[in-house]
Amino acid sequence: MTAAGANQRINSARLWDSLGEMALIGPGVAGGCNRQTLTDADGAGRHLFQRWCQAAGMAMGVDTMGNMFATRPGTDPDALPVYMGSHLDTQPTGGRYDGVLGVLGALEVVRTMNDLGIQTRHPIVVTNWTNEEGARFAPAMLASGVFAGLHTQDYAYARTDMDGLRFGDELARIGWVGDEVVGARKMHAMLELHIEQGPILEAEGKEIGVVTHGQGLWWLEITLTGRDAHTGSTPMAMRVNAGLGMARITERVHQIAMGHQPGAVGAVGQVKVFPNSRNVIPGKVIFTVDIRSPDQTKLDLMRGEVERAAFAVAAELGLGCSIEPVGHFDPVTFDPNLVKIVRQSAEKLGLSHMDIISGAGHDACWINRVAPTVMIMCPCVGGLSHNEAEEISPQWAAAGTDVLLHAVLDVAGVVG
Ligand code: HGY
Ligand code: MN
Ligand code: MN
């Protein structure tokens, strides 16, 4: 078998059908998905993915964080495997393609290799990483973070959701605690296909994003404590209003990010208000600040400015204030050799492409710590993601998966 010829392409219709079938598991209310990690829907999606992998002749391994690894043997059993994959869990109002394209695109690569009778020297592994989103259990990329040694498993198992349920208990409840030691697997390389989740590729008219870097992030959980009181009978001067403090800090986060343009973002996405009653001044709020930049210096400056602003606002309003970092990773530089292979694969396929920095965090950002890693991106309509209206075209999905096919074959070595 010669190296994959430029004319070899994945089966676009089969990929699109698989994406559509997976989207029916944990459906949203507006055409997207709500398949949050460690829910019954996540469990059902895992079972479907496992069935598909076994039907493609792969053996499934699962580690104690529920990370799933489907292996296609290579001709050299001593060669470290080439991994590809992403995540099947979604946001509560997530799209059909965030993460899922990377997992099912990797499966489609193996299905295509089977169709074409391609053998590779290195084994190939298709991966589903548990809890990439961090929506239900913070931080994001939790299980790939344990795999890469950034978190202990005890820390991960003890993380709780909004209802106080523990990650470890929920993983056991859905029956996906595997027997493999997390992080014991060694990788020759890891490639992750993902939608861009931003507007650049579509605006530039490019089919492929060659991801050279990923921006870093901080998630800062801020707790403000004031005093519950009647919204009607309490004079304004007597109020100790935690909700007002959160509003002022939210505005400051926006100003701080705008003050570090270009290349900085900031927002508050998750808020818990207590007692959350229409006619009670909030005596407590817990909210998470999400700040990001590809520039390490800017990222660290913004963290300091946000923390100082939070304590200053709290002092103005007589509030108690505590800040806990609940998510962090530094800006990431992906493997230059793999970046070159991705770029060459796009060129071989005649696909328009450009280098790009990932605005979102991905499992690849952690795996990059333990193995040569790279990402491939496809555009998404209007740059919209983390929204049920997230949309890509079948052509974009196929183009990204074709690049994944050719890059993986280049890295894994076609035999014969
Ligand atoms: O937060 C992120 O960037 C990713 O979607 N988990
Ligand atoms: Mn994702
Ligand atoms: Mn996401």
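**Exercise 1.** In this predicted model, what spacing do the donors of the manganese ion (ligand 3) follow along the chain?

*Solution.* The spacing reads D-x34-E-x252-H. Now put residues to the letters. Asp 98 (OD) coordinates the ion, and so does His 386 (NE2). Glu 133 (OE) is listed twice. The coordination distances run from 2.2 to 2.5 Å. Next, place the pair Asp 98 and Glu 133, which links distant parts of the chain. Asp 98 sits in the loop between strand E3 (82-86) and helix H3 (100-116). Glu 133 sits in the loop between strand E5 (124-128) and helix H4 (142-147). The two are 35 residues apart.

**Exercise 2.** Which residue bridges the manganese ion (ligand 3) and the manganese ion (ligand 2), and is Asp 98 buried or exposed?

*Solution.* Asp 98 is the bridge. The two ions lie 3.5 Å apart. Asp 98 is buried, as is Glu 133.

**Exercise 3.** Describe how H3 and helix H12 (residues 394-412) pack.

*Solution.* Two values describe a packed pair of helices: the angle between the axes and the distance between them. Start with the angle: about 60 degrees for H3 and H12. H3 and H12 are therefore oblique to each other. Then the distance: their axes are 9 Å apart. Add the handedness: H3 passes H12 in a right-handed crossing. Last, list the contacts. From H3 come Leu 101, Gly 105, Ala 106, Glu 108, Val 109, Thr 112 and Met 113. They meet Ala 397, Thr 401, Leu 404, Leu 405 and Leu 409 in H12. The residues of this contact divide into 8 nonpolar, 3 polar and 1 charged.

Key:
Residues are numbered from 1 along each chain as its sequence is written. Chains are lettered from A and ligands numbered from 1 in the order in which they are written. This is a predicted model: local features need pLDDT of at least 70, side-chain atom pairs count only at pLDDT 80 or more; totals for chains, interfaces and linings use all residues. Side-chain values use heavy atoms; hydrogens and water are left out. Donors are N, O and S atoms within 2.8 Å of the metal (3.2 Å for Na, K and Ca); water is not among the atoms, so sites may look incomplete. Helices (H or I, at least four residues) and strands (E, at least two) are DSSP runs, numbered from the N terminus. Buried means under 20% relative accessible area, exposed over 50%, partly exposed in between (1.4 Å probe, protein chains only). Axes are lines fitted to C-alpha atoms, for helices over the stretch in contact, and angles run from 0 to 180 degrees between N-to-C directions. Angles under 35 degrees count as roughly parallel, over 145 as roughly antiparallel, 65 to 115 as roughly perpendicular and the rest as oblique. A crossing is left-handed if the near helix is turned anticlockwise from the far one by less than a right angle, and right-handed if clockwise. Contact means heavy atoms within 4.5 Å. Ala, Val, Leu, Ile, Met, Phe, Trp, Tyr, Cys and Pro count as nonpolar, Asp, Glu, Lys and Arg as charged, and the others, Gly among them, as polar.
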